[in-house]
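Hi,

Here is the structure I promised to pass on. Have a look at it first, and then read my notes below.

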Number of protein chains: 2
Amino acid sequence: MASYTKDELAKMHPRDFRDLVRKGEWTESVQDICVGYALANLVIVPRDVALDFLIFCLRNPRPFPLIDVTEPGDPEPKLAAPGADLRTDLPQYRVWKHGELVDEPYDITGYWRDDLVGFLIGCSISVDPFLKAANIQYRFPGGHLTNLQTHPVGPFKGPMICSCRIFKNSYEAIKSILVSARYPLAHGTPVHIGNPALIGVTDITRFEELPSGTDTTKEVIRPGEIATFTPAGASGSSIAKETKLPLMITHVPFRMFVTDVLLEEQTFVSF
Amino acid sequence: MASYTKDELAKMHPRDFRDLVRKGEWTESVQDICVGYALANLVIVPRDVALDFLIFCLRNPRPFPLIDVTEPGDPEPKLAAPGADLRTDLPQYRVWKHGELVDEPYDITGYWRDDLVGFLIGCSISVDPFLKAANIQYRFPGGHLTNLQTHPVGPFKGPMICSCRIFKNSYEAIKSILVSARYPLAHGTPVHIGNPALIGVTDITRFEELPSGTDTTKEVIRPGEIATFTPAGASGSSIAKETKLPLMITHVPFRMFVTDVLLEEQTFVSF
């Protein structure tokens with residue numbers, strides 16, 4: 001693994017960071033890396049269902065806000081990161097066959113085909129630096145599988161995975177709603193606040209998506225604290241499981257693609 | 001009482017409505033009257049503590065967002081409602097002596113003095129038409145006394161009364177936060193969401209401030225519902241009780257002053 005200080009990683013340009021990833025020198029979480037740039041979740045599907053998936057994203061903008069779509073067979077996201085290669089520039093991938101996770105490679109060149117279409121989907125983790133800049137007090141343990149269903153389109157269906165943030169008190173959570181509303185490309189506001197059981201999260205310590213090495217047993221909601229739940233692009237995994245396509249590729253949680261799109265500039269990038 | 005349809009009252013200009021009030025033809029709640037115009041809570045104090053109260057408002061902008069202040073002895077709020085008279089143009093008043101409520105007259109001409117200063121303070125009820133326009137599903141039973149303390153200034157101190165809104169689900173509450181944030185002169189966002197006991201509201205059916213005739217026993221929080229609490233200008237009453245001035249005048253809950261200030265225009269009215 002490449003050795004950089006936290007500060008160097010935070011200030012690194014996405015092009016330079018993607019170079020590291022492409023050379024196999026970074027295979028970990030991208031939290032707090034290239035701060036200010038939009039992180040992106042990845043979904044790759046074959047061309048025959050790509051139109052369905054595109055409509056699925058437009059119909060489910062909270063879990064699937066679109067940042068870029070590649071042309072069939074072309075791994076370059078021309079709008080969000082010219083010169084990048086979706087086959088090599090994410091730290092780790094997930095390969096799904098008929099809804100089963102069959103591989104977690106660091107490179108998908110071997111799986112690439114001329115008919116594959118890549119979708120870059122906004123990521124709520126991009127917002128954390130802005131929450132911290134507003135001095136909002138919270139913990140962000142990870143993502144939970146919920147019972148909130150997406151609107152199905154073609155073969156695509158399944159429940160949402162939501163990012164869970166646990167706030168020191170409810171006023172901090174209210175402030176986070178205002179800050180996150182400014183970034184719709186990063187999933188915008190939470191869709192739920194308060195009792196996790198109301199959206200099917202019966203055990204708050206059981207996460208669907210976590211950075212490696214997290215001690216989840218500590219992540220309970222203490223008296224006075226309150227949790228918010230924001231639809232996550234990690235929902236690509238829950239959709240892959242339910243949709244059961246012959247081939248679908250996503251990424252490992254917290255190992256997203258880093259785009260060249262500044263989150264503050266997002267309103268000018270109208271896709 | 002004057003007889004008008006709900007629609008006529010909603011569309012009435014504040015000048016015409018204040019005329020009705022002045023003639024004693026309206027002594028009830030001003031909810032849903034002159035829709036779009038900022039309602040205002042009233043606090044009147046003697047000149048010798050008026051500077052303290054003005055600083056108190058500036059230091060506590062969530063419960064006390066200032067819309068206008070009169071000059072000593074002059075009952076006309078020149079900025080918010082030229083030509084109006086604070087002694088006659090509110091449906092009903094409260095007169096406090098040494099922290100005790102001693103009278104609830106419909107007119108305070110008899111109490112008026114040359115040294116009295118009137119403060120018009122924004123009212124969160126002004127926001128309800130905008131919440132309804134956004135199709136947000138909720139009930140607004142009234143105001144609760146909380147344990148949230150104001151920052152004391154001079155003799156002024158005491159807890160906040162907060163408007164309680166109960167939402168069908170937490171996503172409706174999240175939407176209400178975004179809408180209410182646009183209207184800081186009407187108290188802006190809630191300061192608390194979720195468990196009422198955390199801000200000292202142990203019995204949700206016990207209201208401090210209610211429109212007359214409300215059946216409070218129905219106002220429980222049902223499973224799946226969530227409550228928000230927004231600091232209310234009705235806090236004038238809780239401050240009057242604690243501050244114990246020889247004379248302080250406020251208004252009866254829900255019987256506010258109606259200003260000429262359009263809430264959508266508030267940003268241009270920089271006081």
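Let me start with a small detail in chain B: Lys97(B) has Glu100(B) in S4(B) as its bridge partner. The two strands involved are S3, residues 93-97, and S4, residues 100-103, which pair in the antiparallel sense over three bridges. Together S3(B) and S4(B) make a hairpin with two residues between them. Look at His98(B) in that turn, where phi is positive at about 50°.

Before going further, please keep in mind that this is a predicted model. It scores ipTM 0.81 and pTM 0.87. For chain A the mean pLDDT is 92, and 94% of the residues reach 70 or more. As a general caution, predicted coordinates should not be read in detail where pLDDT is low.

Now the sheet in chain B. Four strands form an open sheet in the order S6-S7-S9-S8, with antiparallel pairing. Strands S6 (138-149) and S8 (192-193) of chain B are at the edges with a single partner strand each, so one side of each has no neighbour in the sheet. S8(B) is joined by two bridges to S9(B), residues 226-231, in the antiparallel sense. If you want a spot to zoom in on, find Ile193(B), which stands opposite Thr228(B) in S9(B). Helix H6 of chain B, residues 235-243, packs on this sheet and touches S6, S7 (159-167) and S9 of chain B. The direction of H6(B) makes about 150° with that of S7(B).

Chain A has an open sheet of four strands too, in the order S6-S7-S9-S8 and with antiparallel pairing. Its edge strands are S6 (138-149) and S8 (192-193) of chain A, each pairing on one side only. In S9(A), Thr228(A) is the bridge partner of Ile193(A). H6(A) lies across S6, S7 and S9 of chain A, at about 150° to S7(A).

How are the two chains related? A rotation of 180° with 0.0 Å of shift along its axis superposes chain B on chain A, with an RMSD of 0.0 Å. The two copies are thus related as by a two-fold rotation axis. Both use the same surface, since 100% of the contact residues of chain B recur in chain A.

On to where the chains meet: 16 residues of chain B are in contact with 16 residues of chain A. On the chain B side, helix H5 (170-181) and S8 each supply at least two residues. H5(B) gives the most, with seven residues. By type, the chain B side has 11 nonpolar residues, five polar and no charged.

Last, the layout within chain A. Chain A is divided into domain 1 (6-122 + 239-266) and domain 2 (126-235). The centres of these two domains of chain A, taken over C-alpha atoms, are 21 Å apart. Their contact takes 30 residues from domain 1 of chain A and 27 residues from domain 2 of chain A. On the domain 1 side, the elements giving two or more residues are S1 (37-46), H3 (50-59), S5 (116-122) and H6 (235-243) of chain A. Which of them gives the largest share? That is H3(A), with five residues. The residues on the domain 1 side of this contact in chain A divide into 17 nonpolar, eight polar and five charged.

Happy browsing!

How values were computed
Residues are numbered from 1 along each chain as its sequence is written. Chains are lettered from A and ligands numbered from 1 in the order in which they are written. This is a predicted model: local features need pLDDT of at least 70, side-chain atom pairs count only at pLDDT 80 or more; totals for chains, interfaces and linings use all residues. Two strands pair if DSSP finds at least two bridges between them. Two residues are in contact if their C-beta atoms, placed from the backbone, lie within 7 Å. Axes are lines fitted to C-alpha atoms, for helices over the stretch in contact, and angles run from 0 to 180 degrees between N-to-C directions. Copies are superposed by least squares on the C-alpha atoms of residues with pLDDT of at least 70 in both. pLDDT is the predictor's confidence in each residue, from 0 to 100. Domain bounds come from an automatic or database domain assignment. Ala, Val, Leu, Ile, Met, Phe, Trp, Tyr, Cys and Pro count as nonpolar, Asp, Glu, Lys and Arg as charged, and the others, Gly among them, as polar.
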